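Subject: Structure for you to look at

Hello,

Here is the structure I promised to pass on. Please open it and keep it in view while you read my notes below.

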Amino acid sequence: MLLGGLIDKAGLAFRLGGMRRRERWSRSQIEAWQARTLERLRRHALSHSPFYARFHSGLADAPLAELPVLTKAQLMEHFDDLVTDRTIRLRDVEAFATQMGPLDLFRERYQVVTTSGTTGRRAFMLFAPDEWRWVMASLPRIMHWHGIDTSAPNAMITTHVPWHMSARCASEAGRLGLGAGRASLDCAAGTEALVASLNDLEPVTLSGYPSMLALLAENRRNGQLRIAPRHIFCTSECLTPDMANSIATAFGVTPANIYALSEAGAIASTCTAGDSLHVADDMCILESVDENNRPVPPGTTGEKTLLTVLFNRTMPLIRYEITDRIAVAAEPCSCGRQTTLLARVDGRSGDMLRLPGSEGCTIAIAPAQISAFLRGLRISGWQLTAGQERLQLAVVTVDQSCDADLIASRLARGLADLGAVVPSISVEPVVELERGLSGKVTIMRAVNGEKIH
Ligand SMILES: [Zn+2]
């Protein structure tokens, strides 16, 4: 019973083998695979999800582009009807998520991942064992593109918040004994502690949030950090040209850019031939669209992205709206892979808090780090507004009770540990977070309401 939800090394190797075979496919083979897999997913959703039976009613034969767009609010509102295991209830998933440990499975079967919460309510993603194999194989696949020996010392700087996708993958990899030299370092630890751990580990491969790696690049330049990784991977946030330059200059390695989502795992990455990102077409379909959900041409950055996850039957995501902005590349990559190619992934670059550092530099802080500082405080959503000398944190709490002093002191301690000069912090409990004109919540913004850049 207990082993029912666990995946093993052999299953993972099988999944990875299939992924590698498909990478040698022609464009028409890839498209035929997508059409077949999508058809099966849609049939499954129509017959096993009361929500999709209504949502896609009369559209069984319509092309993907004519199906309605699914928002996060709809997903959460209709959660019990949307999932195809008819016994799953959102309230049970929520109760499980508040106390789950790194290796715990919901009903001893499902991996539960939640998004960091850029809207008032967190969204929950569920993965059955075979679906989780896809997620777990997605990163080794990309490592393989870069010719990496995954058994070499490998440090990943990530959040240890147990419901975060990268933390779950790291725990699972540890359980499976993948990558003998793998170390998962907590991004909420202070810079000094991270530098000491990295000097100790001497990783050949270093991966993490670009904001963290850019911060470590400064420590590399001033000589405190002495490591010489051969490969660097940036995940979870937008890798801006400034950050890429700073990392490349400090370490002498061009960072690879991985695009990973809580909804699907690592679904795109640069290869060794250029800056464009190859999409894992066997895992998902990405549509770059304007505000009215109309497709934008290659080379143009859309306003949002519609994601269809091809491998998740438990929780079908078909044309699911995500706020990242992507541009499909107009030209193919010189490496010869026939996958969909992205010229850019934007949209998260605004979500960074920058504070003066105690040693004169600027400290960039990612939303996931803030979430990590607030872990365990029963906060379901937050929004940070940065003024010149003050940070205002609006919080939605799980049970409407709020210890503002405790929340403020946790945030202050976390920021100080990262080396920031901490301004005064005020905490305000709210029922709902403030939304912009598009209906989205910007979780980090300057005091005038603009996004922080
Ligand atoms: Zn390529």
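Two residues are in contact if their C-beta atoms, placed from the backbone, lie within 7 Å. Keep that in mind for helix α11, where α10 (210-221) and β6 (231-234) are among the elements that cover the buried residues. One caution before we go on: this is a predicted model.

**Overall**

The chain has 453 residues, and 44% of them count as buried. It holds 13 helices and 20 strands. Take the contacts with a separation of 6 or more. Residues 24 or more positions apart account for 66% of these.

**Helix α11**

Helix α11 covers residues 241-251. Which of its residues are buried? They are M243, A244, S246, I247 and F251. Seen down the axis of α11, these buried residues fall within an arc of 165°, so they line one face of the helix. There is a general reason to expect such patterns. An α-helix has 3.6 residues a turn, so residues three or four places apart point the same way. On the other side of α11, P241, D242 and T249 are exposed. Just after α11 comes G252, with a positive phi of about 70°.

**The core**

The largest nonpolar core has 112 residues. L213, I267, C284, L307 and L342 have the most contacts inside it. Helix α7 (residues 129-145) gives the most to this core, with 8 residues. Where does the core lie relative to domain 1 and domain 2? Domain 1 (1-348) and domain 2 (353-446) both contribute residues, so the core lies between them. In general, nonpolar side chains tend to be buried together in soluble globular proteins.

Look at I267 in particular. Set aside its neighbours within four places in sequence. I267 is then in contact with S138, Y259, A260, L261, V279, A280, M283 and C284.

**The sheet of 9 strands**

This sheet is open, and its pairing is mixed. The strand order is β4-β3-β5-β6-β7-β8-β9-β14-β13. Which strands are at the edges? They are β4 (182-186) and β13 (325-328), and each pairs on one side only. The twist averages 30° from one strand to the next.

At one edge, β13 pairs with strand β14 (residues 341-346). The pairing is antiparallel, over 4 bridges. One bridge is easy to find: A327 has R344 in β14 as its partner.

Helix α8 (residues 165-176) lies across β3 (154-158), β4 and β7 (256-261). Helix α8 runs at about 145° to β3.

**The sheet of 3 strands**

This one is open too, in the order β10-β11-β12, with antiparallel pairing. β10 (284-289) and β12 (320-322) stand at the edges. Each has a single partner strand, so one side of each is left without a neighbour in the sheet. Here the twist averages 30° from one strand to the next. β10 and strand β11 (residues 304-309) pair over 6 bridges. Try finding E287, which stands opposite L306 in β11.

**Strand β1**

Are the faces of β1 (residues 111-114) covered or open? Both are covered. Q111 and V113 are buried on one side, and V112 and T114 are buried on the other. β1 runs antiparallel to strand β2 (residues 124-127), and 4 bridges join the two. V112 stands opposite L126 in β2.

**Three single residues**

Q99 lies in helix α6 (residues 90-99). Why does Q99 count as exposed? Q99 has 8 other C-beta atoms within 10 Å, and a residue is exposed if that number is 12 or fewer. Q99 and P162 are 63 residues apart in sequence. In space they are 9.2 Å apart, C-alpha to C-alpha.

R107 sits in the loop between α6 and β1. R107 has a positive phi of about 55° although it is not a glycine. With 15 C-beta neighbours inside 10 Å, R107 counts as partly exposed.

R319 lies in the loop between β11 and β12. R319 also has a positive phi of about 55°, and it is not a glycine. With 19 C-beta neighbours inside 10 Å, R319 counts as partly exposed. The buried class needs 20 or more.

Best wishes

Definitions and conventions. Residues numbered from 1 in each chain as written. Predicted model: local features only at pLDDT ≥ 70, side-chain atom pairs only at ≥ 80, totals over all residues. Pairing = 2+ DSSP bridges. Axes fitted to C-alpha atoms, helices over the stretch in contact; angles between N-to-C directions. Arc of directions from axis to C-beta. Core = buried A, V, L, I, M, F, W, Y, C linked by C-beta atoms within 7 Å. Domains from an automatic or database assignment.
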